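Notebook open, model loaded. I want to go through the salt bridges, then one helix pair, then the empty spaces inside and at the surface.

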Amino acid sequence: MDAAQDLDVLARFKDAQKQAWAHYAPLEVATTPTAARLVRHAGVRTGQRVLDVACGTGVVAVTAARLGARVTGLDLTPELLERARENSRIAKTKIDWHEGDVEKLPFEDAAFDAVLSQFGHIFAPRPDVALAEMLRVLKPGGTIAFSTWPPELMTGRTFTLLGRYMPPPPANVSPPHLWGDPNVVRERFGTAVRDIVFDSGRRTIAALSPEHYRHHVEQHAGPVIRLVESLSTTDPDRLEAFRREFEQLVDTYLEENEVHQDFLLTRATKI
Ligand SMILES: C[S@@+](CC[C@H](N)C(=O)[O-])C[C@H]1O[C@@H](n2cnc3c(N)ncnc32)[C@H](O)[C@@H]1O
């Protein structure tokens, strides 16, 4: 495949992502507490210039702005940015919102004191390109921090399961859960940062049963929406098999009507 074809494949991949994430807003109930956890992990302070990458409904951005930071949020999906604008209006915060792609950030070099992403930049197909962009717009001495899903835990295992049922992704698309492996994160940072600090957090989602949880994510979580769309017409039996396997997986993490999803927090300082 030549370079132009490669870019075309990536553009189509991102377009599909954009459509699939359009229904994510109701999940902000679950990502609101974890946003505060990331903002604390990053040590966001009053007056800092902060970028929230793949900001979705703006939960991280608004949390940082309420601490007095000067915040910019960027996301691929216009429907989520609409909700983000509403969130900042309700919270009486002033945030600079941008529709855009983490692989091509529309900001100058060294424009921010902190660059954050909660479960977001991991969906960019090319981790090296996304990370290079996040580091480019960060000042030397600035903080990069993100929350990601470890491959061996609930959400990472869901990505692996989805991968078994989906048609193989284009060759240049990296799976999101690799960002949840501290060794991979260290390797990707290379010599661009110092003082890498890892921690862990937990997202909980209320669910009466594994089936309730499955219904919920089939309506709101981009990667699952894409799978259901693709299999419901081409192979309904395979879709049923996915649903049973997924419910079994969810059952392992369902306790007292809450699905527990543990995640990795990373923080580092740009050299
Ligand atoms: C799981 S949601 C997380 C949203 C938000 N950070 C939160 O914590 O609620 C993933 C987000 O990544 C965004 N996204 C996916 N690929 C992207 C890209 N290449 N550039 C910018 N945003 C992207 C989606 O639009 C979606 O808002």
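**Salt bridges**

I started with the charged pairs; this is a predicted model, and my count comes to 20 salt bridges.

I looked up a local one to begin with. Asp8 and Arg12 meet through their side chains, N to O at 3.3 Å. They sit four residues apart in helix 1, which means about one helical turn separates them. I checked how open the two are: Asp8 is partly exposed at 42% relative accessibility, while Arg12 counts as exposed at 53%.

Next I took Glu28 with Arg83, where the closest N and O atoms are 2.6 Å apart. Glu28 belongs to helix 2 (residues 28-42) and Arg83 to helix 4 (residues 78-90), so this salt bridge ties together parts that are 55 residues apart in sequence. Buried or exposed, I asked of Glu28? Glu28 is buried, its relative accessible area being 12% and the cut-off being under 20%. Arg83 comes out as partly exposed, at 24%.

Then I went to Glu247 and Arg214, a salt bridge with 2.5 Å between the closest N and O atoms. This pair also links distant parts of the chain: Glu247 is in helix 10 (residues 236-253) and Arg214 is in helix 8, 33 residues apart. I found both Glu247 and Arg214 buried. Which other residues join them in a network? Following shared partners, I got one network made up of Arg214, Glu218, Glu240, Arg243, Arg244 and Glu247.

**Helix 9 against helix 10**

I stayed with helix 10 and looked at how helix 9 packs on it. The angle is about 145°, and the axes are 6 Å apart. From helix 9 I noted Val224, Leu227, Val228, Leu231, Ser232, Thr233 and Thr234; these meet Pro236, Arg238, Leu239, Phe242 and Arg243 of helix 10. Sorted by class, I have seven nonpolar, three polar and two charged residues in this contact. Arg243 turns up here and is also a member of the salt-bridge network.

**The cavity**

How many cavities of 30 Å³ or more are there? I count one, and the space in it is about 640 Å³. It has 44 lining residues, and Trp21, Tyr24, Phe119, Gly120 and Phe123 are the closest to its centre. I listed the elements that give two or more residues to this lining, among them helix 1 (3-21), strand 2 (70-75), strand 6 (193-206) and helix 8 (210-220). Helix 6 gives the most, with five residues. By class I get 27 nonpolar, twelve polar and five charged residues in the cavity lining.

**The pocket**

Last, the largest pocket, with a volume of about 650 Å³. I find 29 residues lining it, and Phe13, Met166, Pro169, Val173 and Arg226 lie nearest its centre. Helix 1, helix 6 and helix 9 each supply at least two lining residues. Which helix gives the most to this pocket? My note says helix 1, with seven residues. The pocket lining splits into 20 nonpolar, seven polar and two charged residues. For cross-reference, helix 1, helix 6 and helix 9 also each give two or more residues to the lining of the cavity.

Note on methods:
Residues numbered from 1 in each chain as written. Predicted model: local features only at pLDDT ≥ 70, side-chain atom pairs only at ≥ 80, totals over all residues. Heavy atoms only, no water. 1 Å grid on protein atoms, 1.4 Å probe; cavity = no way out; pocket = protein on both sides within 12 Å on 5 of 7 lines; lining within 4 Å. Points joined across faces, edges and corners; volume = space filled by probe spheres on them. Nonpolar A, V, L, I, M, F, W, Y, C, P; charged D, E, K, R; others polar. Salt bridge = Lys/Arg side-chain N within 4 Å of Asp/Glu carboxyl O. Buried < 20%, exposed > 50% of the residue type's maximum accessible area, 1.4 Å probe, protein only. Axes fitted to C-alpha atoms, helices over the stretch in contact; angles between N-to-C directions. Contact = heavy atoms within 4.5 Å.
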